[in-house]
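Let's take a walk through this protein together. Have a look at the chain first, and then we'll go from the whole fold down to a few strands.

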Amino acid sequence: MKITRIEPINLANRTLLVKVYTDEGIVGIGECSPMNLPVEIAHLEHSIGPLVLGMDPFNVEALVEKMQVSAYKIAGRTQAMCGAGVEIACWDIMGKALGQPICRLLGGPYRTEVPVYASSMRRDISPEDEARRMYELREKHGFRGGKVRVAVMNGFDQDVYPGRSLAVVRAVREAMGDDFQLMADANSGYSPEMAIVMGRKFEQLGVWHFEEPCLSDDLDGTARVAAALDMAVAGGENDWDIRFFKEMFRKHAVDIVQPDVIKAYGFSHVKKIAAMAGAFNINLVPHTSQHNVGTMANLHFVTATPNCRGLQEFSIEPSPLRDRLFEPTMDVVNGHVRVPDGPGLGITLNEDLIREMRVG
Ligand SMILES: [Mg+2]
């Protein structure tokens, strides 16, 4: 089988899907993390596309190596995100060709359903409203944990307004009671010193994990925070380079690592990060912030990977694509999501919606 065409699909609402076509008529679908769509589309069309045309989609190891090595002069996050979309689509093709779900091809299912936490993406929400929706979502879907946003993204110790970060953690804790696994994500918002000060306060409110307390590439600073605090420090959502993860683990910068399959060259590469994390006794909670094809890819990964233990991320934000982009939908029942057992990703895209929302 040979790859004959790569088609980026830019959807309004900041979503970048990619279709990979083959000479046997099987088409795979993937998603690239949508960080800068025009730049990523250019990478897909001018860098990755020419590299993978003619390659066998089963040969993902050679494919990922080629995408990394051949483009080393411009390699980095963008290449890893675009490569991820293509790699995921290749697994979708393999699954469709073999009549098997991706989680089985990855060595699973290790677990049949995935326990998920309610992940808020918002800082423009009052502590009271955040607490209210967490409470309502637990009533409706059975979430046993949730994550709130603290600090300001890359904010150098600012808060949205003075006191918001502590107020939102306190409000959600009070609304949900002690039996709720509460997480706080700073998105690189604090200096190490302030992260330790704030982290101690979050610990007193029973926060389970403190995510990206410091600038995400400041491994020494993050390690200082992890050493000073009792609670788990989480990070790694922006990273893709296996050597960077090695340094992250060697420095004990994180207790929980969060690679994202749509940012880090896809399943085969993140599997390697997972194996290395296992050697350091580090748990995986892969990052997934949207509610798209990539979320489904993440579900297959988590279903197949032993050290993705505990509650896994699941966005609670509404979007025009949510529950409409593909069938079957991803439904949280009693705090758990099941991966579909159809071939590949197990999804059928809503092509009418894609036509309606396509840009360019
Ligand atoms: Mg995060």
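What percentage of the 360 residues of the protein chain count as buried? The answer is 49%. Keep in mind that you're looking at a predicted model.

Now zoom out a little. The chain is built with 12 helices and 14 strands. Its radius of gyration comes to 20 Å, close to the 21 Å that the globule rule gives for 360 residues, so the chain is as compact as a globular protein of that length. If you lay the C-alpha trace along its principal axes, it spans about 60 × 40 × 40 Å. Contacts tell you something about the fold too: of those with a separation of 6 or more, 72% are between residues 24 or more positions apart.

Next, head for the start of the chain, where strand S1 covers residues 3–11. S1 pairs with S2 in the antiparallel sense, over 8 bridges. One spot to look for is Ile 3, whose bridge partner in S2 is Thr 22. Between these two strands of the hairpin sit 3 residues, and in this hairpin Asn 13 takes a positive phi near 80 degrees.

S2 itself spans residues 15–22, and 6 of its 8 residues are buried, so this strand is largely enclosed by the rest of the structure. On to strand S3, residues 27–32: it runs antiparallel to S2, and 6 bridges join the two. Here you can pick out Leu 17, with Glu 31 as its bridge partner in S3. The hairpin of S2 and S3 has 4 residues between the strands, and there Gly 25 takes a positive phi near 85 degrees.

Technical notes:
Residues numbered from 1 in each chain as written. Predicted model: local features only at pLDDT ≥ 70, side-chain atom pairs only at ≥ 80, totals over all residues. Rg over C-alpha atoms; globule rule 2.2 N^0.38 Å. Buried ≥ 20, exposed ≤ 12 C-beta atoms within 10 Å, placed from the backbone. Contact = placed C-beta atoms within 7 Å. Pairing = 2+ DSSP bridges.
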